[in-house]
Amino acid sequence: MRDGVTEVGPQRYRETYGRFFEEFAVGDVYEHRPGRTITENDNIWFSLLTMNQHPAHCDANFAAKTEFGKPLVASPLTVAIMTGQSVSDVSQKAVANLGWKEIKLLKPVFAGDTLYSESEVLEKRESEKRPTQGIVTIKTIGRNQTGDVVCEFTRVMLIWKKGFGPMDD
């Protein structure tokens, strides 16, 4: 049997995902794969969905007149993709996200760029109010296809301990 699966019956396996609170270690870095290439349609749909009508995101003629010369990917889309890339590693066993902070947008992102993310465990502690859960703080860094850091943020999550979550059946 390989890592990442649990035997649930004879010749029957279930893929495992995420980490329980006990499986996090301060200082560990998890590289999230696959990368995600952002398309022009992704940016337009996200802008429409979120009602972000800034012309720098959805008006190529307007954007051509800016210092960037072309439409920018809406920054909340970058944050959303980086968060999504990290779910299978760091928050698939989360009870809840408790917050994002220190979001830094360090370089512009454009359609055609590919995002790669990684998360470092900054802090881990037992929950004072919920003995079956713990609190994990991570810093996620997103890089484009050339390795430039385009965005980083800190996220705090409430995570199940082994034997207590709904995924323990």
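A residue counts as partly exposed when its relative accessible area lies between the 20% limit for buried and the 50% limit for exposed residues. K162 has a relative accessible area of 44%, so it is partly exposed. The model examined here is predicted.

The protein contains four helices and seven strands. From the N terminus on, the order of elements is β-β-β-α-α-α-α-β-β-β-β. The C-alpha atoms occupy a box of roughly 60 × 40 × 30 Å along the principal axes. Of the 169 residues, 37% are buried.

Salt bridges were searched for across the whole structure, and eight were found. One of them pairs K162 with E23, at 4.0 Å from N to O. This pair connects distant parts of the chain, 139 residues apart. K162 belongs to the segment after β7, and E23 to the loop between β2 and β3. E23 has a relative accessibility of 34% and therefore counts as partly exposed, as does K162 at 44%.

A second long-range pair involves R143 and E118, whose side chains form a salt bridge at 3.6 Å, N to O. Here the link runs between strands: R143 lies in β6 (residues 133-143) and E118 in β5 (residues 114-126), 25 residues apart. R143 is partly exposed, with a relative accessible area of 27%. E118 is also partly exposed, at 21% relative accessibility. Elsewhere, K104, K139 and E152 are joined into one network by salt bridges that share partners.

R33 takes part in another salt bridge, with E31 as its partner. The closest N and O atoms of this pair are 3.8 Å apart. R33 has a relative accessible area of 48%, so it is partly exposed. E31 reaches 53% and therefore counts as exposed. R33 is also notable in the backbone. A cis peptide bond joins R33 to P34, with omega at about 5 degrees. P34 is part of strand β3, which covers residues 29-37.

Two further backbone features concern phi. Q11 is not a glycine, yet its phi is positive, at about 50 degrees. Q11 sits in the loop between β1 (5-9) and β2 (12-15). With a relative accessible area of 76%, Q11 is exposed. E102 is the other case: phi is near 55 degrees, again positive in a residue other than glycine. Unlike the loop residue Q11, E102 lies within a strand, β4. E102 is exposed, because its relative accessibility is 54% and the limit for exposed residues is 50%.

Strand β4 (residues 94-105) also holds W100. W100 is partly exposed, at 37% relative accessibility. Together with I103 and L105, W100 forms a nonpolar surface patch. The accessible area of the three residues together is about 290 Å².

L105 appears again in the lining of the second largest pocket. This pocket has a volume of about 160 Å³. Its lining consists of H57, F68, L72, V73, S75, T78, L105, K107, P108, V109, V150 and C151. By class, eight of these residues are nonpolar, three are polar and one is charged. Helix α4 (75-91) and strand β7 (149-160) each contribute at least two residues to the lining.

Helix α4 also contains G84. At a relative accessible area of 44%, G84 is partly exposed. The C-alpha atom of G84 is separated from that of S117 by 9.7 Å. Along the chain, G84 and S117 are 33 residues apart.

Notes: Residues numbered from 1 in each chain as written. Predicted model: local features only at pLDDT ≥ 70, side-chain atom pairs only at ≥ 80, totals over all residues. Heavy atoms only, no water. Patch = residues over 30% accessible without salt bridge, like charges linked within 9 Å, V, L, I, M, F, W, Y side chains within 5 Å. Areas by Shrake-Rupley, 256 points an atom, 1.4 Å probe, with all protein chains shown as cover. Buried < 20%, exposed > 50% of the residue type's maximum accessible area, 1.4 Å probe, protein only. 1 Å grid on protein atoms, 1.4 Å probe; cavity = no way out; pocket = protein on both sides within 12 Å on 5 of 7 lines; lining within 4 Å. Points joined across faces, edges and corners; volume = space filled by probe spheres on them. Nonpolar A, V, L, I, M, F, W, Y, C, P; charged D, E, K, R; others polar.
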